[in-house]
Amino acid sequence: MSGPVEDEKLRVQQLRALRRRWLRDQELSPREPVLPPRKLGPVAAFWERFLQPGDAWRQQVHKVYQGSGFLMLRVLLPAWAVTYYVKYHLQKMPHGVVVSNPRIFPGDRILETGEIMPPLKDELHKHH
């Protein structure tokens, strides 16, 4: 009865050795991967140089970015919100609405003068 158990143990041991060898083979050496040198276009080359740490140009762009974020969040957005609230919630007459005189029909009373509009003259030619 000791035969099949020993064969199973040997098989498990061989499988473990194969797995360890396979895992060891998956590790890259410091020389890998061996890739051909990249040929960068002008824009990609600019960004490659730009993203190098410690560059003065990079620091200037970062300062401008930080300043624009401050300006956007602390000045422009609150100003827009206040303008919107005043324009659409506080003002009695919305901005840009032009009030025109209402149409006056025969028989209407003009409020400023109190006179009543006379009826229209009949048209002589009845083309309708």
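The lining of the largest pocket brings together four nonpolar, one polar and four charged residues. This comes from a predicted model, so keep that in mind as you turn the structure around. The residues to look for are Asn-101, Pro-102, Arg-103, Ile-104, Asp-108, Arg-109, Ile-110, Leu-111 and Glu-112. The space they line has a volume of about 200 Å³.

Now step back to the whole chain. Its secondary structure consists of three helices and zero strands, and the elements follow each other from the N terminus as α-α-α. How many of the 128 residues count as buried? The share is 2%.

Helix 3 is a good one to follow with your eye. It covers residues 56-90, which makes 35 residues, and the distance from its first C-alpha to its last is 49 Å. That is close to the 51 Å expected at 1.5 Å a residue. Along the way, helix 3 bends by about 35° at Met-72.

Helix 3 also holds a pair of rings that you can find in the structure. Two aromatic pairs are counted in the model. In one pair, the ring centres of Tyr-84 and Tyr-88 are 4.9 Å apart and the planes meet at 50°, so this pair is tilted. The cut-offs help here: planes under 30 degrees apart would count as stacked and those over 60 as edge-to-face, so an angle in the remaining range is called tilted.

Why are Tyr-84 and Tyr-88 separated by about one helical turn? They sit four residues apart in helix 3. An α-helix has 3.6 residues a turn, so residues three or four places apart point the same way. Trp-80 joins these two tyrosines, and Trp-80, Tyr-84 and Tyr-88 form one aromatic cluster.

Are the two tyrosines hidden or open to the surroundings? The table gives the values for each.

| Residue | Relative accessibility | Class |
|---|---|---|
| Tyr-84 | 41% | partly exposed |
| Tyr-88 | 48% | partly exposed |

Partly exposed lies between buried, which is under 20%, and exposed, which is over 50%. Tyr-84 at 41% falls in that range, and so does Tyr-88 at 48%.

Notes
Residues numbered from 1 in each chain as written. Predicted model: local features only at pLDDT ≥ 70, side-chain atom pairs only at ≥ 80, totals over all residues. Heavy atoms only, no water. 1 Å grid on protein atoms, 1.4 Å probe; cavity = no way out; pocket = protein on both sides within 12 Å on 5 of 7 lines; lining within 4 Å. Points joined across faces, edges and corners; volume = space filled by probe spheres on them. Nonpolar A, V, L, I, M, F, W, Y, C, P; charged D, E, K, R; others polar. Phe/Tyr/Trp six-rings, centres within 6.5 Å; stacked < 30°, edge-to-face > 60°. Helix = DSSP H or I, 4+ residues; strand = E, 2+ residues; numbered from the N terminus. Buried < 20%, exposed > 50% of the residue type's maximum accessible area, 1.4 Å probe, protein only. Expected span 1.5 Å × (residues − 1). Bend = angle between axes of the 7 residues up to and from the residue.
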